[in-house]
Amino acid sequence: MVVAHLLLSTPDSSSTDVPTPSAASNEPTLLLPDKDTDGLCSGLIVHTTLVRLGLSPDLISVHFPAKGSNIYAPAERARIAEYDARYVIVTDQGSRGGPAIVDGPDGAEKRTLIIDHHWSNEFPDGALVCSAAHCPPVATASTLAYVVCLELLGQSARKGELRERLDWLCAMGTMGDLGTGFKWEAPFPDMRECLKKWTKKVLGEAVFAEARRSPAYDVETAWRALRSSTTPKDIVSPSASKDVRRLFAARADVKAETDRCARRPPTFSGDGRVALIRISSAAQIHPLIATRWSSSLKGPRLEIVMCANDGYTPGSGMTNFACRVARSHKSRVGEGATDIIEILKEYASRVPGLREAMGDDFARGHKEASGGIVKTGDFERLWEVMASSEREEGGSPAKKRKLSGKDGERQKNTLEGWLLKKQ
């Protein structure tokens, strides 16, 4: 809580070493929320809190990175610096080590707060960090922002419209990451009243990640629609505003692209641990495809389902990919037992220099939901490693078919057998 107080609340007048914080100082403040539902909701929770604490809305700017980029990319850092903000608050953007997100002129201090839950042991220089990554059950950015901001708002957020707004923003953002079936059990906040009033159905339908997934990458529209909404029902009603109608159009575009690409057959790594689905789409549907296939693919060795998209940023020569833990594997080893980040890094380490060549955008995110953005040539080198890998007992997978029955017939329910049936 001390971390957030330094940026958001009124300082103790008796202290001489606590910097004047964002809301109290009324100085330019820049918000850097992620483009998904959790990022937008956590960003709006912070925005609402700053305004309630006295910061003029005219002094608050919001920046979203360009399609296929992130706030740590050099081009984005240059754009962020142009805002000349005194305070920077980052929500749900992932964390990595390196220089400060933005440097002040002539070395002047730029206070930065990071609210995040993505796996990382490193953070930008000089940042104050509120992270749940190492504290299971891992809270979403929306939940972290909600808990921090409620304490700052004190009695003013105990009940009434402000509390209701913060409640549904927290619930919507959290379900955007963890699903509508998430159980709000301790230590998560008590959302029984919120869920009773708005229902999981409405809050689930109001998850509007399609705006950032669409080829148009219309994140600004999603932010405006969310900020102008007074209840979650506004987000699910096309008649509410022009922005909401654009969200519904984006949802239709994403569904069409998902349906077009969803039936691409998977290819399996030599050791049977990884299934790869290749697509080419300007929509950010590779996480959706990976998630969908992870629910249905099965195999005695299958651990990870990966979807690679070489068309997300046409002409860039980059491949975006997303990985999910196969449900069948998770049921065998248990929740949280598979670390995709480490598995990806281990495969890459088998080729000297490949891990370094793929840079900081490789193997990012969460242990069970990772991915990256890498040069297409480097991705193909990674897949070559996976495709040529052998099962732990040694030998080529093609020569290691299991036999069954008295006559030694080949077992038919193998991964390869599944592929043959589909073809």
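The exercises below, each with a worked solution, deal with a predicted model of a protein chain.

**Exercise 1. The chain as a whole**

Find how many helices and strands the protein chain has, and state what share of its residues count as buried.

Solution. Start with the secondary structure: the protein chain has 16 helices and 13 strands. Next take burial: 51% of the 423 residues count as buried. Then look at the surface, where the chain exposes about 19800 Å², with 50% of it supplied by carbon and sulfur atoms. Last, consider contacts with a separation of 6 or more: 66% of them are between residues 24 or more positions apart.

**Exercise 2. A helix with a buried face**

Determine which residues of helix α11 are buried and how they are placed around the axis of α11.

Solution. Helix α11 covers residues 286-296, and its buried residues are H286, P287, I289, A290, W293 and S294. Now look down the axis of α11: these buried residues fall within an arc of 160°, so they line one face of the helix.

**Exercise 3. The surroundings of S294 and S328**

Decide whether S294 is buried or exposed, and list what S294 touches.

Solution. Step one is position: S294 is in helix α11. Step two is accessibility. The cut-off for buried is under 20% relative accessible area, and S294 has 7%, so S294 counts as buried. Step three is contacts. Not counting residues up to four places away in sequence, S294 touches V305, R324, V325, A326 and R327. Step four is the polar side-chain atom of S294, which lies 2.6 Å from the backbone oxygen of T291.

Step five brings in S328, which is 34 residues from S294 along the chain; their C-alpha atoms are separated by 8.1 Å. S328 belongs to helix α12, residues 327-333. With 13% relative accessibility, S328 also counts as buried. Apart from neighbours within four places in sequence, S328 is in contact with L297, K298 and G299.

**Exercise 4. An enclosed strand**

Explain why strand β3 is described as largely enclosed, and identify the strands joined to β3.

Solution. Count first: in β3 (residues 87-91), 5 of the 5 residues are buried, so the strand is largely enclosed by the rest of the structure. Then sort the residues by face. In a regular strand the side chains alternate between the two faces of the sheet. In β3, Y87, I89 and T91 are on one side and V88 and V90 on the other, and all are buried. Finally, check the partners. Strand β1 (residues 29-33) runs parallel to β3, joined by 5 bridges, and L31 has I89 as its bridge partner. Strand β4 (residues 111-116) is also parallel to β3, again with 5 bridges; here V90 stands opposite I114.

**Exercise 5. An open sheet**

Give the strand order of the sheet of 6 strands and find its edges.

Solution. The order is β6-β7-β8-β9-β11-β10, the sheet is open, and the pairing is mixed. The edges are β6 (267-268) and β10 (362-366); each has a single partner strand, so one side of each is left without a neighbour in the sheet. For one pair within the sheet, take β8 (residues 304-309) and β9 (residues 318-325), which are antiparallel over 6 bridges. In this pair, N309 stands opposite N320.

**Exercise 6. Nonpolar cores**

Name the residues that touch the most other members of the largest nonpolar core.

Solution. The largest core has 55 residues, and L203 and L226 touch the most other members. Leaving aside neighbours within four places in sequence, the contacts of L203 include W168, M172, W198 and P232. A second, separate core has 24 residues, among them I304, A348, L354 and F379.

How values were computed:
Residues are numbered from 1 along each chain as its sequence is written. This is a predicted model: local features need pLDDT of at least 70, side-chain atom pairs count only at pLDDT 80 or more; totals for chains, interfaces and linings use all residues. Side-chain values use heavy atoms; hydrogens and water are left out. Buried means under 20% relative accessible area, exposed over 50%, partly exposed in between (1.4 Å probe, protein chains only). Helices (H or I, at least four residues) and strands (E, at least two) are DSSP runs, numbered from the N terminus. The arc is that of the directions from the helix axis to the C-beta atoms. Contact means heavy atoms within 4.5 Å. A polar contact is a pair of N or O atoms within 3.5 Å; within protein, one must be able to donate a hydrogen and the other to accept it, and residues adjacent in sequence count only if both atoms are side-chain atoms. Accessible areas come from the Shrake-Rupley method with a 1.4 Å probe; for residues, only the protein chains shown count as cover. Two strands pair if DSSP finds at least two bridges between them. A nonpolar core is a set of buried Ala, Val, Leu, Ile, Met, Phe, Trp, Tyr and Cys residues joined through side-chain atoms within 4.5 Å.
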